[in-house]
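Dear colleague,

Please find below the structure I would like to pass on to you. My notes on it follow directly after.

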Amino acid sequence: MKKFNIRKVLDGLKEVSSSTPSVQVGPQENHLIQETLQSDHFQLCKTVRHGFPYQPSSMAFDPVQKILAIGTQSGALRLFGRPGVECYCQHESGAAVIQLQFLINEGALVSALADDSVHLWNLRQKRPAILHSLKFSKERITFCHLPFQSKWLYIGTERGNIHLVNVESFMLSGYVIMWNKAIELSSKAHPGPVVHISDNPMDEGKLIIGFESGIVALWDLKSKKADCRYTYDEAIHSVAWHHEGKQFICSHSDGTLTIWNIRGQGKPIQTITPHGKQPKDGKKPEPCKPILKVEYKTTRIGEPFIILSGGLSYDTVGRRPCLTVMHGKSTAVLEMDYPIVDFLTLCETPYANDFQEPYAVVVLLEKDLVVIDLAQNGYPIFENPYPLTIHESPVTCCEYFADCPVDLIPALYSVGSRQKRQGYSKKEWPISGGNWGQGTQSYPEIIITGHADGTVKFWDASAIMLQVLYKLKTAKVFDRNRSKEDKGSTEVSDEDPFAIQIMAWCPESRMLCVAGVSANVIIYRFSKLEVTTEVVQLLEVRMQYELNDIESPDCGGGEQTSALPTPGASPQTSGPPSHPSTSSNNSDGGNMPCLKVRSTPLKQSAGYQVDLVVQLVWVSGEPPQQITSLALNSSYGLVVFGNSNGLAVVDYVQKTVVLNLGTVELYGSNDPYQRQPRSPRKTRQPSGGLCDINEGSATSEDRCKSPTSDHRDNSFSRSRSSSVTSIDKEAREAISSFHFSEAFARKGDSTLTPCLYVGTTLGMVLALALTMPPSGEQRQLQPVIVSPTGMLVRLKGSVMRMSFLDSTGSMLPPAFEPWFEPNVTADGEEREKVRKRRPVSVSPSTSQDLNESQYAVVCSEKQAKVISLPSQTCIYKHSITETSFILRADVVQMSRGVCLACFCANGHIMTLSVPGLRPLMDVNYLPLTDMRIARTFCFTNLGQAMYLCSPTEAQRLTYSQDTCENLQEMLGELFTPVETPEAPNRGFFKGLFGGGAQSLDREELFGEISSGKASRSLAQHIPGPGGLEGMKGAASGVVGDLARARIALDERGQKLGELDERTAAMMASADSFSKHAHDMMLKCKDKKWYQI
């Protein structure tokens, strides 16, 4: 991919300066359509990010607000509240988040990063922002601790020292705990980095410091010395207190847990090896894997919980990662699907000195988030309501539909709810903080994702939320002759024979068509009833790239001109009698054999049920080429697909192949007239007015798979000749796009006919006229006839998208058939399939009038053109990019009109008006850094777009000014005012004899007066943009206005105060000068000039 350079900028300036595209017709057509969209109707901004945080590294929970925060290795921050309330933030540095700490019930969060910076986030606004940052320069941060209701943050470092930071001002205290003071003479060597800091639950003045080497120090903050030291000969990974503050527990690198009394010196009171085999001779158990974290939680009734991750014995090779829950004498080992990153125990109280009463454990895995219910027997998990399963199998393609029929989401939810697993906890999801947004955007939105294992997922994406509706497993259609084991893979593998490559969906009829990587096409109908299909209908199609017989239209034409089955023939083959159908038995020794369709009965649940399977078969020992384009039309009952060999049109009503043509055969020879079809199901029209295509860009690669190389800029040229045998085989012309429409099929036509438009990788757009039989019973019997009518237009680069407008500039949606229940047989009543088509105003005399009846909008990788029909003249043309190429283009319906939206490989997102092709927006948004973006980026109506920004996350964005303005209202609130629970009652005797929790005046101890100033070279304070800027983005309304007014008054008062101070200082300076001048005058008053 070419780098962005100054030439691109100059090209862009040139395009903007000549924003009126070239008009190739008389001036009377310039004012035919009044375009309503203007540049100020467009603005690009990110809306929300969905999915599982990619490569998570840390986690924190606010037990009062009930908000969960997850940090990642790329510096991202994801915050989750109740289902539908989530937020994404990003640290600018992109360094890994090593630890997170909530300021509990304060609406703030501290993040510590691997680049030794600490940040304070303000969560009291809908888009959190950084208030303060502190960048350490001399020491590496290893651990942070912020006690509940304290404003002093402890920061442990790799050198073993502990610094304190005031979270309000984010200034360092002069109070420092040095490692040598903490251990003194208890160790001859350096104790290693600080791995744990926490204060005694019953005495805030006592601090436990855990060093990696195995030393633990109990530090007295007031006396500034260590009261006790506890030494163990194995490295420490974590430490946890008992709530009474008399005991603590450590986890070690040899798989052991040690429990210590704070008054006991020397040895631990108990040593446990949870997963170690106990030898009979009383010796130490064999060492196990490190216990990476332990938590010690107490209950009022019953035994405490000890929860730990890791610690398995070394002989359990291949065993999955485990979380161990020890409760009294019972030990439960809970296996996880992925490695454990972190876990947190959720408790009823935020106070460390009270009985904890744990009720759930949140386990953050590398690719999943699991919440375990501790209150029920068997520890069931909660059903996760977040859309975190996007990556359950790697996403291979996406489609996005806005403004769908209103009954579609309830229908999909109804069938999808029957697929849910059983055995979940009956309690409500415990992460329940925040409030939903108050947005008024109410149109239904659906996202469809295709996956590497052959699954297709439907998601409800309405109102910037995401919820899975329904999951379809396409692999059930085939015999699974190989087992899939690598569940954890997030990258698409070559060993995914069922992977979905392209999807075509008609929301109105609910027809679905998917093309797989193994050159298969599956057509589905939607049904609310369960059915058992005895035999899966199969069509096998031979597509082969041959040039030897094209010149003679009288000959058979080789494999391409094979006769297709008559209506009475079995749908199991599409081969003619002269050569039997070639199935996967031809593929012996091939690298990707065709999948074998199952021969046993298939039980199909309510939802999408297979109607027909179409497979491309091996020909002459060559595997079929992958499918590069796909389209369906429910009104015509047709599916069309193409690859680098040609295209095939399938009638899924009659289960037959209507047309099977090589790409070059679409052009035919120089015969300008339509020839008689060779068979009732195939029309081979050797005409088509070939033009020069020296503008065309050659590409031998499948553009759906690899739009990355520079060969797209190489021009490909050939001269016009009586045949197309001069095409270079290396630059094979593939089918890149399709579009069904009712249009003027031929130049000068006066009536609309059903058409299929075909776009190729060499920039050609060709038309095929469809002759449809009457609806009803005749549709089942009479053949569909397809007639190539020649070339419509050619463009530079591969054709990406085609669309049609009526004479007023409104988009013409393809004809569709309304959904009906396919599994109901109407007794005594003939079901009439009603076709809904948008009425097009066409008068019989309209053939060469000034008012053209239709406009075809065609966009390629490089340029866009608008063709007036039926005259077939190019009236507008716009060069979109010269130095790059377009990855995705869509003609979309906005609230005020229609536009062409493009995403370019150099990162630019552009919109153009139609039909005038005026540039309306051009934003340098995101460079193409990953093929995943190219594969999944898609636009849809009403200014919405999305793409997969990581293997596990989907990023949604809008290019609509209206949506950007309303976004603040649509976003949820993370922080909600909640009363902090009351502190635990100390009790009469504890209060009388001093046995309760001891408080500490940290301000007096750590403040500048008593501890002095910290070294300026240790860390640099960086004010964040989240102060005043954060308030600007706060929730609108009276509260927000009052807050802004208060801040403005504070600023004004501060400035007035500074002005008063400066005025007073100037007056004092003037008084001083006057006094000195007067004294000098008195001194020199009686002296002569030579005495001075």
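I begin with a single pair of residues: Gly516 stands opposite Asn520 in β35. This is a predicted model, and the remarks that follow should be read accordingly.

**Strand β35 and its partners**

The pair just named belongs to a hairpin. Strand β34 (residues 511-516) and β35 run antiparallel to one another and are joined over five bridges. Three residues separate β34 and β35 in this hairpin, and Ala519 in the turn has a positive phi of about 60°.

β35 also pairs with strand β39 (residues 607-616), again in the antiparallel sense, through eight bridges. Within β39, Leu612 is the bridge partner of Ile523.

Is strand β35 (residues 520-527) mostly covered or exposed? Eight of its eight residues are buried. In a regular strand, side chains alternate between the two faces of the sheet. In β35, Asn520, Ile522, Tyr524 and Phe526 lie on one side and Val521, Ile523, Arg525 and Ser527 on the other, and both of these faces are covered.

**Salt bridges**

Side chains of opposite charge can pair when their charged atoms come close. How many salt bridges does a search of the whole structure find? The search finds 29. I describe some of them here.

One of them links the side chains of Glu35 and Arg918, at 2.9 Å from N to O. Glu35 sits in the loop between α1 (6-17) and β1 (42-51), while Arg918 sits in the loop between β54 (908-913) and β55 (919-924), so this salt bridge ties together parts that are 883 residues apart in sequence. Glu35 is buried, at a relative accessible area of 17%, whereas Arg918 is partly exposed, at 25%.

A further salt bridge joins Arg140 to Asp116, with 2.6 Å from N to O. Arg140 is located in the loop between β9 (129-136) and β10 (141-145) and Asp116 in the loop between β7 (108-113) and β8 (117-122); the pair therefore ties together parts that are 24 residues apart in sequence. Arg140 is partly exposed, with a relative accessible area of 41%, but Asp116 is buried, with a value of 8%.

The side chains of Glu184 and Arg229 also meet in a salt bridge, at 3.2 Å from N to O. Because Glu184 lies in the loop between α2 (179-183) and β14 (194-200) and Arg229 in strand β17 (residues 225-231), the pair ties together parts that are 45 residues apart in sequence. Glu184 is partly exposed, at 46% relative accessibility.

In addition, Arg319, Arg320, Glu335 and Asp337 are joined into one network by salt bridges that share partners.

**Gln356**

Gln356 belongs to the loop between β26 (340-347) and β27 (358-365) and is buried, with a relative accessible area of 8%. A polar atom of the Gln356 side chain lies 2.5 Å from the backbone oxygen of Asp354. Beyond four places in sequence, Gln356 touches His243, Lys297, Thr298, Cys347, Glu348, Thr349 and Tyr351.

**Confidence of the model**

The mean pLDDT of the protein is 80, with 77% of its residues at 70 or more. Among its elements, strand β3 (residues 67-72) has the highest mean pLDDT, 98, and helix α10 (residues 1028-1032) the lowest, 40. Over residues 483-488 the pLDDT stays under 50, and the model has seven contacts beyond four places in sequence for them. Residues 548-593 are also below 50, and this stretch has 89 contacts in the model beyond near neighbours in sequence.

With kind regards

Terms used: Residues are numbered from 1 along each chain as its sequence is written. Side-chain values use heavy atoms; hydrogens and water are left out. A salt bridge is a side-chain nitrogen of Lys or Arg within 4 Å of a carboxyl oxygen of Asp or Glu. Helices (H or I, at least four residues) and strands (E, at least two) are DSSP runs, numbered from the N terminus. Buried means under 20% relative accessible area, exposed over 50%, partly exposed in between (1.4 Å probe, protein chains only). A polar contact is a pair of N or O atoms within 3.5 Å; within protein, one must be able to donate a hydrogen and the other to accept it, and residues adjacent in sequence count only if both atoms are side-chain atoms. Contact means heavy atoms within 4.5 Å. pLDDT is the predictor's confidence in each residue, from 0 to 100. Two strands pair if DSSP finds at least two bridges between them.
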